[in-house]
Amino acid sequence: MKTSRILVLLFAAWTWVAAPAAPMHFGLFSDAPYSAWEREQFPLLIAEMSAQPLAFVVHGGDIKNSSSACTDETYAAILEAFQGSRHPLVYVPGDNEWADCHHRLNAGFDPLERLDRLRALFWAGDASLGHRTMVLERQSRHAEFAAYRENVRWKSGGVLFIGLNLPGSENNYYGEHIGATDRKGPVAEFTRRAAANRAWLADAFALARREGLPGILIVAHANPGFEAWNEGKTSVAYGDFLEQLRDEVQRFAGQVVLVHGDTHKQRIDQPMRDAASGAVVSNFRRVELFGYPELGWVRGTVDTEEPEVFRFEPRPWRRGGGAP
């Protein structure tokens, strides 16, 4: 009897150690709310994600449309909605809430002052937003990049997630001159932030290689323009980022995903090409999120037992008010 019991216990212990990790699920959304209808539906969308078994959710930027004022009241309303999430919520900034705030329709705010205000409201501590929080590692812990509290990373499900302040509207490359005929760029803000982003991205890949992680998911608001890049027409605002990303991806043994919003065309594809051969870089995928006039979210899954590591399922929103 004793021998049999020992064998049973040993088998149970072996089974526990050998059992594969359970898949981990998370939510992704972006470029919302824009319209009055979306502002009404936004808490309901967050509530739907809250009802799902998700580890966390991420908003990829643009918490308002491009023509509404960049006021503290606007920010406070979105913060209240974010805090209503039952899951940890991570927010990465877009252009509409800071880089474009100098426009007359946005009430002519100073973009850098507005970015600092976002930092104070949304990224003040080392925890995420939401009822249930999780600890985030912020780039600001490095003295050289102390301002960049919005650049974050965390590990979940056996892979690495990172967030970058890489907004649309040409990445603030031209600053307030973006729509002018006498464009002057790069502005100092862009240069400093580009250096911070470059360091944060390089450090993330170094960490993933060092720890043997099978996957990295990057969230940044801007569509960096893969199609133009593949044709040799890269924007000066995103060219260095794309070159660095491709170099890091091709030196990484695992899977890499870039999640972005900005151009409001929900899609999942493989737009990265090898510089020499033009072949698809097979371990890279792009996930673009829903954007006005389409509201919705994307359910992501991490399964480290699967070769692709990441899976994605678009969830368009049609409940509580019909089509926008």
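## Exercises on helix packing and sheet order

The crossing of helix 3 and helix 4 is of the right-handed kind, in a model that is predicted.

**Exercise 1.** Determine which class of angle describes helix 3 relative to helix 4, and which residues meet where the two helices touch.

*Solution.* Begin with the geometry: two packed helices are described by the angle between their axes and the distance between the axes. The axes of helix 3 (residues 72-83) and helix 4 (residues 111-122) approach to within 11 Å, crossing at roughly 30°. Since angles under 35 degrees count as roughly parallel, helix 3 is therefore roughly parallel to helix 4. Turning to the side of helix 3, the residues in contact are Asp72, Tyr75, Ile78, Leu79 and Phe82, and these meet Arg114, Arg117, Leu118, Leu121 and Phe122 of helix 4. Sorted by class, this contact of helix 3 with helix 4 comprises seven nonpolar and three charged residues, with no polar ones.

**Exercise 2.** Work out the strand order of the seven-stranded sheet, name its edges, and find the helix that packs on the sheet.

*Solution.* The seven strands form an open sheet of mixed pairing, in the order 4-5-6-7-8-10-9. Its edges are strand 4 (137-138) and strand 9 (267-269), each of which pairs on one side only. At the latter edge, strand 9 and strand 10 (residues 284-288) pair in the antiparallel sense over three bridges, and Arg267 has Glu288 of strand 10 as its bridge partner. Helix 5 (residues 188-211) packs on this sheet, where it touches strand 4, strand 5 (152-156), strand 6 (159-164), strand 7 and strand 8 (255-260), and its direction makes about 180° with that of strand 6.

**Exercise 3.** Decide whether Ala220 of strand 7 is buried or exposed, and describe its surroundings.

*Solution.* Ala220 lies in strand 7 (residues 215-220). Because its relative accessible area is 1%, Ala220 is buried. Leaving aside neighbours within four places in sequence, Ala220 is in contact with Gly60, Val92, Leu164, Leu166, Val259, His260 and Gly261. The C-alpha atoms of Ala220 and Asn165 are separated by 6.3 Å, although the two residues are 55 residues apart along the chain.

**Exercise 4.** Describe the five-stranded sheet, from its order to one of its bridges.

*Solution.* The five strands form an open sheet, again with mixed pairing, in the order 3-2-1-11-12. Strand 3 (89-91) and strand 12 (310-316) are the edge strands, each pairing on one side only. Neighbouring strands of this sheet are turned by 20° against each other on average, direction ignored. Within the sheet, strand 1 (residues 24-29) and strand 11 (residues 296-302) pair in the antiparallel sense over five bridges, and the bridge partner of Gly27 in strand 11 is Arg299.

Conventions. Residues numbered from 1 in each chain as written. Predicted model: local features only at pLDDT ≥ 70, side-chain atom pairs only at ≥ 80, totals over all residues. Heavy atoms only, no water. Axes fitted to C-alpha atoms, helices over the stretch in contact; angles between N-to-C directions. Helix = DSSP H or I, 4+ residues; strand = E, 2+ residues; numbered from the N terminus. Parallel < 35°, antiparallel > 145°, perpendicular 65-115°, else oblique. Left-handed = near helix turned anticlockwise from the far one by under 90°. Contact = heavy atoms within 4.5 Å. Nonpolar A, V, L, I, M, F, W, Y, C, P; charged D, E, K, R; others polar. Buried < 20%, exposed > 50% of the residue type's maximum accessible area, 1.4 Å probe, protein only. Pairing = 2+ DSSP bridges.
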